[in-house]
Each structure stands twice: as C-alpha cells, then as structure tokens.
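I opened this entry to look up the pockets, the cavity and the surface of one chain. My notes follow in the order I took them.

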Amino acid sequence: MKRFFQIINGLFLFLLGCVFFASCFSYHVSDTSFNTASTEPVQNILGSFGAVSADLIVQYFGLTGFLIPVFLICIGLMLIKGAKLFKTRVFLFCAGLLLFAWTLGPSFIHTNGSWMTSKGGGFTGFYLSEWF
C-alpha cells in the first residue's frame, strides 16, 4: 500500500511539473495576470491559469523559476521509479540549495532599473540580496 501512494504522489508531482513546464515556457509578458492588465487575448497555451501561474513563478523567482517545473518532474519520476526516501530528500535538499543560489546570484549584479526588469532572481532574490 505504501508503494501505491508513492506512485500516486509521483504521478501527481510529474503531472504538476508538466503543467508548470507548459505554462512557464509559454509565458508572455503581456498576458493578463495579477499585475498586468491587457485587452489582448492570453497567449499562454494553458490560458488564464497558465498566464497567472507562470507570472507568479517569474515574479517570485525570476529566470530561476523556470527550473521549478524541471525539479517537480524529476522528483515525480524518482518517486514513480521507487527511489528510496533518503535519495529523494537529498535531491530535494540539493534542488532547494540550487534554487536558492540561482535566485540570489543574479540579484548582486548592479544595474539601473527596477528589481523586476533588471534582476534575474525576481523579488525573492532581490530581498535575499538586501538581507545578505
């Protein structure tokens, strides 16, 4: 029974990763979202849901956010294949460290502009760089 739930969780994470992958890689700046109002039709292949979810990922994590779907897909495949819980936790820890570093890294680059247009790490990276 435990293996069955591991496969179900793996399938869920894999499918969630695929949905976020499609929404992130069809992201368009002019799509209607929480901070963008537009009269043009949504260009994201997943419609309004894809536009909003991709915009949130890009706003929070910047360009690094495009790795989140890849991490979800990898974790889902690991669970489906029956990876041990320790290996999955190690992968999650390493993925979290990479996400943290890649979000924070571009924020130290000094540019003239707002955090949204000039920082590759989104506002998470911007505020982390201010904190460090």
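I began with the second largest pocket, which holds about 170 Å³ of space. The model is a predicted one, and I read each value below with that in mind.

Which residues line the second largest pocket? I listed Lys2, Phe5, Gln6, Leu79, Ala83 and Leu85. H1 gives the largest share of this lining, with three residues. Sorted by class, the lining has four nonpolar residues, one polar and one charged.

I then picked one lining residue, alanine 83. I found alanine 83 in the loop between helix H3 (68-81) and helix H4 (85-104). Is alanine 83 buried or exposed? Its relative accessibility is 18%, so I entered alanine 83 as buried, the cut-off being under 20%. I also checked alanine 83 against glutamine 6: the two are 77 residues apart in sequence, and their C-alpha atoms are 9.5 Å apart in space. Both residues are in the lining list of the second largest pocket.

Next I looked for enclosed space. How many cavities of 30 Å³ or more are there? I noted one cavity by this rule. The largest cavity has about 40 Å³ of space. I wrote down its lining as Tyr27, His28, Val29, Asp31, Thr32, Ser33, Thr36, Asn44, Ala51 and Asp55. By class, I entered three nonpolar, five polar and two charged residues for that lining.

I turned to the surface after that. Which residues form a nonpolar patch there? I recorded Met1, Phe4, Phe5, Ile8 and Leu11. Together, these residues have about 540 Å² of accessible area. Phe5 also appears in the lining of the second largest pocket, so I marked that residue under both headings, since Phe counts as nonpolar.

Within the patch I looked up methionine 1. Methionine 1 sits in the segment before helix H1 (2-25). I entered methionine 1 as exposed because its relative accessible area is 73%, and the cut-off for exposed is over 50%.

Last, I took the overall layout. The protein chain has six helices and zero strands. Along the sequence, I read the pattern as α-α-α-α-α-α. I also noted the chain length and burial: there are 132 residues in the protein chain, and 33% of them count as buried. Alanine 83 is one of the buried residues.

How values were computed
Residues numbered from 1 in each chain as written. Predicted model: local features only at pLDDT ≥ 70, side-chain atom pairs only at ≥ 80, totals over all residues. Heavy atoms only, no water. 1 Å grid on protein atoms, 1.4 Å probe; cavity = no way out; pocket = protein on both sides within 12 Å on 5 of 7 lines; lining within 4 Å. Points joined across faces, edges and corners; volume = space filled by probe spheres on them. Patch = residues over 30% accessible without salt bridge, like charges linked within 9 Å, V, L, I, M, F, W, Y side chains within 5 Å. Areas by Shrake-Rupley, 256 points an atom, 1.4 Å probe, with all protein chains shown as cover. Salt bridge = Lys/Arg side-chain N within 4 Å of Asp/Glu carboxyl O. Helix = DSSP H or I, 4+ residues; strand = E, 2+ residues; numbered from the N terminus. Buried < 20%, exposed > 50% of the residue type's maximum accessible area, 1.4 Å probe, protein only.
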